[in-house]
Amino acid sequence: MGLTVTDRFLKYVTFDTKSSEETGTTPSTPGQRVFAEALVNELEALGLEDISIDEHSYVMATLPANTDSEETPVIGFIAHLDTSPDMSGKDVNPRIVSYQGGDIILNKEDNVVLSPAMFPELNDYVGQELIVTDGKTLLGADDKAGVAAIMGAMQYLKEHPEIKHGKIRIGFTPDEEIGQGADHFDVAKFACQWGYTIDGGQIGELEFENFNAAGAKIIFKGLNVHPGYAKDKMVNASLLALDFASWLPSAQRPENTTGYEGFFHLTNMTGSVEEAMLSYIVRDHDRNLFEQKKQLLQLLVDRMNGMHPESTRLEIRDQYYNMREVVEPQKHIIDIAFEAMTAVGVKPLVKPIRGGTDGARLSFMGLPCPNIFAGGLNFHGRYEFLPVKSLEKSMETIIKITELTAQKS
C-alpha cells in the first residue's frame, strides 16, 4: 500500500509554489518546477505511462485502459501546482485537529483564531478531522488538495484492477492563480474527449458556469502647474481618477454582489497630479451584461474626455469566458459527475463559480472541462482549512467517474 491521500496532501504542502505576477516567466516561480519534478517521480513510481514535463513545467501522464472496449472515451483530470500570491506558502506547518465545535486556536502567540463566529461553515464539520494552518501561512488546499486527490485516485485504480476504466489522462499546470494556467497547455497532446479540473472548494461542488472576465486599466493625464497659480490651468489626474471611480455603480462592487451578479472590482490605484491609474477586474456570468459593463467603462472614459479633452484612455482585455457555453451542450459530462458524487455519498452542489478556473479557458480551447470539489475552504489565507473526509470523497468521486464513464460506453 502507498501513501494515503491525506499523507500526500501533507507532503505536497511542504513545497513552496506561490506564483508571482512580476516575473514574466512560466512557471512564474522556481518552486513550481521543483514540485512538478517531484510529481513526475511519483508518477513513475506508480507505473503510469506517457509521463512528460515540458519546459514550462506542465506535467502529463496516462493511466492505460484496463477494458477491451474501444468505445470508452478518454477523459482527463487536471489540477494546478501553484498557490495564491495573496499570502506566503513557504514553511507551511499544517496540523490535524479533531473538531468538536467552537474556536480553533491556530496561533496562540499572534492570537489567530479560526472561529465559527467568523466562519459559520465550520459548524458543518463538527466531529470531523480538519487540516488547519499554524496561522502564519495559507494551507495550500487550493490546489494541492486537487493534486493529492488525483494522485490518490490513480494509485487506487492501479491497486484495484477490478475497477474497469478507459484511458485516463492527468495534467498538472503552473500559474493558475495568476490567470495563466492554460497559457501553454497542449490540448492536442492531452488528447481527451473531456476533462475535469479538481479545483473546487467545499464538498459536493460541481461547477460548469463561471464569470466572463476582463482586466481594465484607466489612465489619466493631468497638467501640473504651481498650485499658487493653478486657477483654470491645473488638471489633477488623481482627482480625475477619483471622479471616475465615483461614477461606477456602487451596487456593482464585489462586496455588494452575490450569486450571478457581476461586478467592477478596483484592484489597484496609483496617482499624482500629472498621471493616475485605476486597475479593475470586470466580471459577469451573463455575456450580454459583461459586454455592457465594458461598454460602460468606455462611455465614462468618453465622458471624462468630453470634460477634459485627451485626458483619459482605456486599456481593456478579455481574460476568459463562461464555460457554460461549451459544457452545457454536452450535458452527459455533468451528469456523470453528478451520478458519481451521489454514488459515493456526496450531495452535489451545482452552482456558478464566482471566479474562474483553468477549465474555463480549456473549454474554449477544445477541452470541455467543468470543475469538481477538492474539499478546502477559506482559500488564499491563514484561515484556510481542509476536512479530511472531503479530500477523501474528492478522490472517491474521481475513481467513480472513471468507472461510470467505462460502464456507459
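Which helix gives the most to the lining of the second largest pocket? In this predicted model, the answer is helix 10, residues 388-407, which contributes three residues to that lining. The pocket itself holds about 200 Å³ of space, and of the 13 residues that line it, Asp124, Tyr125, Gln128, Ile203 and Ser390 are the closest to its centre.

Helix 10 also leads us to a cavity, by way of Thr405, which lies in this helix. Thr405 has a relative accessible area of 4%, and because buried means under 20%, it counts as buried. Its side chain reaches back to the backbone oxygen of Ile401 at a distance of 2.7 Å, and, once neighbours within four places in sequence are left aside, Thr405 is in contact with Thr72, Pro73, Ile75, Trp194 and Ile336. Some of these names return when we turn to empty space inside the protein. Rolling a probe the size of a water molecule over the atoms shows where empty space is left. The structure holds one cavity of 30 Å³ or more, and the largest cavity has a volume of about 40 Å³. Its lining is made by Thr72, Pro73, Ile75, His165, Gly166, Lys167, Ile168, Thr402 and Thr405.

From here we can move to helix 6, which runs over residues 287-307 and has 21 residues. From its first C-alpha to its last, helix 6 reaches 31 Å, close to the 30 Å expected at 1.5 Å a residue. At the start of this helix, a side-chain oxygen of Asp286 comes to within 2.9 Å of the backbone nitrogen of Asn288. Which residues of helix 6 are buried? They are Phe290, Lys293, Lys294, Leu297, Leu300, Val301, Met304 and Asn305. Seen down the axis of helix 6, these buried residues fall within an arc of 145°, so they line one face of the helix. A general rule helps in reading such a list: an α-helix has 3.6 residues a turn, so residues three or four places apart point the same way. On the other side of helix 6, Asn288, Leu299 and Gly306 are exposed. The buried residues, for their part, pack against strand 11 (212-221), helix 5 (237-247), strand 12 (263-271), strand 13 (275-284) and strand 14 (312-320).

The loop between helix 6 and strand 14 contains Glu310, and here the backbone deserves a careful look. Most residues other than glycine have a negative phi, and most peptide bonds are trans. Glu310, however, has a phi near 60°, a positive value in a residue other than glycine, and at 76% relative accessibility it counts as exposed, because the cut-off for exposed is over 50%. Asn378 likewise is not a glycine and has a positive phi of about 60°; its place is in the loop between strand 16 (371-373) and strand 17 (385-387).

Cis peptide bonds can be found in the model too. The bond from Thr26 to Pro27 is cis, with omega near 0°, and Pro27 sits in the loop between helix 1 (5-12) and helix 2 (30-46). That loop also holds Thr29, which at 15% relative accessibility counts as buried, because this value is under 20%. Thr29 and Lys18 are 11 residues apart in sequence, while their C-alpha atoms are 7.1 Å apart in space. Not counting residues up to four places away in sequence, Thr29 touches Thr17, Lys18, Ser19 and Ser20.

Following the chain out of this loop brings us to helix 2, which has 17 residues and reaches 25 Å from its first C-alpha to its last, close to the 24 Å expected at 1.5 Å a residue. Its buried residues are Gly31, Gln32, Phe35, Ala36, Leu39, Val40, Glu42, Leu43 and Leu46. What covers them includes helix 1, strand 1 (49-53), strand 2 (59-63), helix 3 and strand 8 (168-173). Just after helix 2, Gly47 takes a positive phi of about 85°.

Helix 3, which is among the elements covering helix 2, has 19 residues and reaches 25 Å from its first C-alpha to its last, close to the 27 Å expected at 1.5 Å a residue. This helix is mostly covered, with 16 of its 19 residues buried. Asp143 is found in helix 3, and the peptide bond that leads to it from Asp142 is cis, with omega near 15°.

Terms used:
Residues are numbered from 1 along each chain as its sequence is written. This is a predicted model: local features need pLDDT of at least 70, side-chain atom pairs count only at pLDDT 80 or more; totals for chains, interfaces and linings use all residues. Side-chain values use heavy atoms; hydrogens and water are left out. Helices (H or I, at least four residues) and strands (E, at least two) are DSSP runs, numbered from the N terminus. The expected span of a helix is 1.5 Å times one less than its number of residues. Buried means under 20% relative accessible area, exposed over 50%, partly exposed in between (1.4 Å probe, protein chains only). The arc is that of the directions from the helix axis to the C-beta atoms. Contact means heavy atoms within 4.5 Å. A polar contact is a pair of N or O atoms within 3.5 Å; within protein, one must be able to donate a hydrogen and the other to accept it, and residues adjacent in sequence count only if both atoms are side-chain atoms. On a 1 Å grid over the protein atoms alone, a cavity is a set of points where a 1.4 Å probe fits but cannot get out, and a pocket is an open set with protein on both sides within 12 Å along at least five of seven lines; lining residues have an atom within 4 Å of a point. Grid points are joined across faces, edges and corners, and a volume is the space filled by probe spheres set on the points.
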